[in-house]
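Hi,

Here is the structure I promised to pass on. Have a look at it first, and my notes follow underneath.

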Amino acid sequence: MKLNLREIIEVPGASLPFSCEPDTDRLDFPFIVRYLSTPRASGVVKNTAGLLTLKGELQADMVCVCDRCMGEYECSKVLPLDVTLAADMEDDENADVFPLDADELDLSDLLETCFILDMEAKHLCREDCKGLCERCGANLNLGPCGCGKETDPRLAVLEQLLDK
C-alpha cells in the first residue's frame with residue numbers, strides 16, 4: 001500500500017492518518033501457523049518542523065509453534081510504531097530512518113520491516129516451557145515421560161553401589 005505524503009511534506013504541523021490491513025503473505029514466518037484475523041495497522045504521519053514521523057501500532061493475532069515443545073499456541077502481538085521518514089537519504093547506513101520513494105511511503109515495506117525487526121529470537125508457548133524429552137520425544141509440559149534418567153556410563157559403577 002502506497003501512502004501519498006505530498007500534502008504534508010511541505011506543511012509543518014500537518015498530519016495524515018492511515019489505517020490498513022497488511023498482506024499476511026509478507027508477514028509469513030516459519031513459526032507462524034496461521035493468522036486468527038487479518039493484521040491491522042493504524043496511526044498518523046506527522047510533519048514536525050520538516051521532520052516526518054510515523055506513529056501508530058500494528059496488531060496481529062496468530063497461532064504460532066513453540067520452539068521447545070513444538071506445540072501450537074495463540075499469540076497476540078501489538079507492535080508500537082515510531083519511525084522517522086526521510087525523502088533524501090544522504091546516509092544509507094542510518095537504520096533509524098525509513099526512506100520515501102519521491103513523495104510516497106510504501107507502507108507495506110515499512111510494516112514488514114518493523115514486524116521482522118521486532119521478532120523474538122525464541123518463540124515459546126510459555127516462559128517455563130519444559131520442551132520435549134530428548135529420548136522419547138514426549139511433551140514434558142503434560143507430565144513426566146516414562147524414560148527415567150539416563151545415567152552417565154562413567155558413573156554406572158557408583159549407581160550400582162547406590163542400588164544396594
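Which residues form a nonpolar patch on the surface? Leu155, Leu158 and Leu161 do, with about 300 Å² of accessible area together. Patch members have over 30% relative accessible area and no salt bridge (Lys or Arg side-chain nitrogen within 4 Å of an Asp or Glu carboxyl oxygen), and nonpolar side chains are joined within 5 Å. Areas are Shrake-Rupley with a 1.4 Å probe, counting only the protein chains shown as cover. Leu155 sits in the loop between helix 2 and helix 3 (156-163), and counts as partly exposed because its relative accessibility is 43% (buried is under 20%, exposed over 50%).

Before you go on: this is a predicted model, so local features need pLDDT of at least 70 and side-chain atom pairs pLDDT 80 or more, while totals for chains, interfaces and linings use all residues. Numbering starts from 1 along each chain as its sequence is written, and side-chain values use heavy atoms, without hydrogens or water.

Now the inside. The largest nonpolar core (buried nonpolar residues joined through side-chain atoms within 4.5 Å) has 38 residues, and Leu5 is among those touching the most other members. Strand 5 (51-65) is one of its suppliers, and gives the largest share, six residues. Helices (H or I, at least four residues) and strands (E, at least two) are DSSP runs, numbered from the N terminus.

Strand 4 pairs antiparallel with strand 2 over six bridges (pairing takes at least two DSSP bridges). Nine bridges join strand 4 to strand 5, also antiparallel, with Val45 opposite Leu54.

Cheers

Note on methods
Buried < 20%, exposed > 50% of the residue type's maximum accessible area, 1.4 Å probe, protein only. Patch = residues over 30% accessible without salt bridge, like charges linked within 9 Å, V, L, I, M, F, W, Y side chains within 5 Å.
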